[in-house]
Amino acid sequence: MRERDRVWPLRLVLPASDRVEDDDAEHAARQRRFRAVVAEQVSFVGRMLRRLGVPDADVDDAAQEVFFALHRKLDNVPAGKERAFLLGASSHQARHMGRMRIRHERRLNEQTLSADSTFHIDPEHLLRLRRARIVLDDAMDRMPYRCREVFVLHELEELSLSEVSSMLTIPLGTAKSRLRTARETFERHLARHTSHEQEG
């Protein structure tokens, strides 16, 4: 399963309904729209928050704030633009929480391996997966923040640069420049890591 297809186990508490009559059709439609967006975009928000530097232990709380922001501003978000709003809110929330130091002993995400499947996988394979994840996380942590956004959306979420520039509301040339910087940072870190492994 590709990383972008994984379902993140976010534990969300959706905002309570406003104090309006049950027969308020406009309110009911708003609530249906909000819940539909949550169901469709919750995995995207979880991935983005983690990839933008939020530690696994804090992703639930960060996602909660992102969706609360959407709930508050939903009437001002045009239909079809909810994903772009959530990206901006996720980016803001990740910056607000600050860059956390990568935990080199971070346990594998629950979606990488289920409790039942761990008994059927070679321990050496698990170790390789853990090391690869650490290298990727560490490399992205070294990228300038705005370059990291572009890298995540293009390389990991597999969006085109045109889609990235539209979602981040930046010129296409800026998106290309930031992606180039991010790739150079990633390649330098990977080269250093490979060199250290060979020396060891």
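Angles between helix axes under 35 degrees count as roughly parallel, over 145 as roughly antiparallel, 65 to 115 as roughly perpendicular, and the rest as oblique. All views show a predicted model, in which local features need pLDDT of at least 70, side-chain atom pairs count only at pLDDT 80 or more, and totals for chains, interfaces and linings use all residues. Residues are numbered from 1 along each chain as its sequence is written, and side-chain values use heavy atoms, without hydrogens and water.

**View 1. The whole chain: 7 helices and 0 strands.** Helices (H or I, at least four residues) and strands (E, at least two) are DSSP runs, numbered from the N terminus. Starting at the N terminus, the elements read α-α-α-α-α-α-α. The protein chain has 200 residues, and 40% of them are buried. Buried means under 20% relative accessible area, exposed over 50%, and partly exposed in between (1.4 Å probe, protein chains only). Contacts (heavy atoms within 4.5 Å) can also be sorted by sequence separation. Among those between residues at least 6 apart in sequence, 74% join residues at least 24 apart.

**View 2. The largest nonpolar core, with 40 residues.** Such a core is a set of buried Ala, Val, Leu, Ile, Met, Phe, Trp, Tyr and Cys residues joined through side-chain atoms within 4.5 Å. V45, F67, L70 and L153 have the most contacts inside the core. Two or more core residues come from each of α1, α2 (56–73), α3, α5 (145–156), α6 (161–168) and α7 (172–199). Helix α1 gives the largest share, 8 residues. Focus on V45 next. Leaving aside residues up to four places away in sequence, V45 touches A63, V66, F67, L86 and S90.

**View 3. Helix α1 against helix α2, crossing at roughly 145°.** Their axes come within 10 Å. Axes are lines fitted to C-alpha atoms, for helices over the stretch in contact, and angles run from 0 to 180 degrees between N-to-C directions. α1 passes α2 in a right-handed crossing. Handedness is left if the near helix is turned anticlockwise from the far one by less than a right angle, and right if clockwise. From α1, the contact takes R30, Q31, F34, V37, V38, Q41, V42, V45, G46, L49 and R50. From α2, it takes D56, V59, A62, A63, V66, F67, L70, H71 and R72. By class, the residues of this α1 and α2 contact are 12 nonpolar, 4 polar and 4 charged. Here Ala, Val, Leu, Ile, Met, Phe, Trp, Tyr, Cys and Pro count as nonpolar, Asp, Glu, Lys and Arg as charged, and the others, Gly among them, as polar.

**View 4. Helix α1 (residues 25–51) against helix α3 (residues 82–97), at about 45°.** The axes of α1 and α3 lie 10 Å apart. The two helices are therefore oblique to each other. The crossing of α1 past α3 is right-handed. On the α1 side, the contact is made by R33, V37, Q41, F44, V45, M48 and L49. On the α3 side, E82, R83, L86, L87, S90 and Q93 take part. This contact of α1 with α3 holds 7 nonpolar, 3 polar and 3 charged residues.

**View 5. A69 of helix α2 and A89.** A69 has a relative accessible area of 12%, so A69 is buried. A69 and A89 are 20 residues apart along the chain. Their C-alpha atoms are separated by 7.3 Å.

**View 6. Helix α5 against helix α6, at about 135°.** The axes of α5 and α6 are 9 Å apart. This pair is therefore oblique. α5 passes α6 in a right-handed crossing. α5 supplies E149, V150, L153 and H154 to the contact, and α6 supplies L161, V164, M167 and L168. Sorted by class, the α5 and α6 contact has 6 nonpolar, 1 polar and 1 charged residues.

**View 7. Two loop residues with positive phi: E158 and T169.** E158 sits in the loop between α5 and α6. Its phi is about 65°, although E158 is not a glycine. At 42% relative accessibility, E158 is partly exposed. T169 lies in the loop between α6 and α7. The phi of T169, again a residue other than glycine, is near 50°. T169 is exposed, with a relative accessible area of 69%.

**View 8. M143, in the loop between α4 (123–141) and α5.** M143 is buried, at 0% relative accessible area. The C-alpha atoms of M143 and E184 are 9.2 Å apart in space. In sequence, M143 and E184 are 41 residues apart.
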